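Biologist: I'd like to learn how to read pockets and surface patches. Could you walk me through an example?

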Amino acid sequence: MNHAFHADGVPAPLGLATGDTLFEAGHGGPVWQLQSGALRLDQLGREGQRFVQLVLPGDLVGAEQLAASGYAHSARAIVPSVAVQRAVGGDAERRLLLAEALLGQLSRTGDLVLLRTGTAQERLRHLLLLLSGAESDWDEAEASQRVLPTIKDVAAIIDTAPETVSRIFANLKRSHLLDGRQRQGARFSAARLREQVWPAGMTRSDGGQRPLQLVEV
């Protein structure tokens, strides 16, 4: 991948379209910091690429390069994203970058637990809220059009079948929590997603579920 530079020699931010690869496992390269969007880190296994972690704005990715090692995972954009190279100077700066990467990883590990445990609908809710908060113009109360990953990427991240994800989205549309679900976007309010009690049965395809109810405060 060719990287652009500003006139002063500082690397320019790199724009990634959905599906673009930032780097491949085993290759060498710079340490990156995500400025906007979201990436998925994948590990190559017997059945192909397997999702292992979500990268959100502010996260460092590829910090294993500081240990003179190749990238441990492949990184691919799941929504339009922007990443920038982080300069690596002397030993002191390398230690600070490693500490920053470790703290970020601890926070993201907590999110990963919520993305992989509980019901499929609760896992999807957490992912939608994470992606909403990753937007630079985020307004939790406002219903706005938001770019979403593909059904296949969502299914891999929350560890369920694509058909299950499609049924939950269909039920969210019937409940008017989500409107205009297109191939890569939907209109919704993060505040409503957070406040509503999601009933059991959202993975059903017949719409036979209890009405959504507001949380009492």
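Modeller: Sure, and let's begin with names: helices (H or I, at least four residues) and strands (E, at least two) are DSSP runs, numbered from the N terminus. This is a predicted model, where local features need pLDDT of at least 70 and side-chain atom pairs count only at pLDDT 80 or more, while totals for chains, interfaces and linings use all residues. Residues are numbered from 1 along each chain as its sequence is written, and side-chain values use heavy atoms, leaving out hydrogens and water.

Biologist: What is the volume of the largest pocket?

Modeller: Rolling a probe the size of a water molecule over the atoms shows where empty space is left. A pocket is an open set of points on a 1 Å grid over the protein atoms alone, where a 1.4 Å probe fits, with protein on both sides within 12 Å along at least five of seven lines; lining residues have an atom within 4 Å of a point. Grid points are joined across faces, edges and corners, and a volume is the space filled by probe spheres set on the points. Here, the largest pocket has about 360 Å³. Its lining has 20 residues, with Leu41, Leu60, Glu64, Ala101 and Gln105 the closest to the centre.

Biologist: Which element gives the most to that lining?

Modeller: That's α1, with 6 residues. The helix spans 91–116.

Biologist: Is Leu102 buried or exposed?

Modeller: Buried means under 20% relative accessible area, exposed over 50%, and partly exposed in between (1.4 Å probe, protein chains only). Leu102, in helix α1, is exposed because its relative accessible area is 52%.
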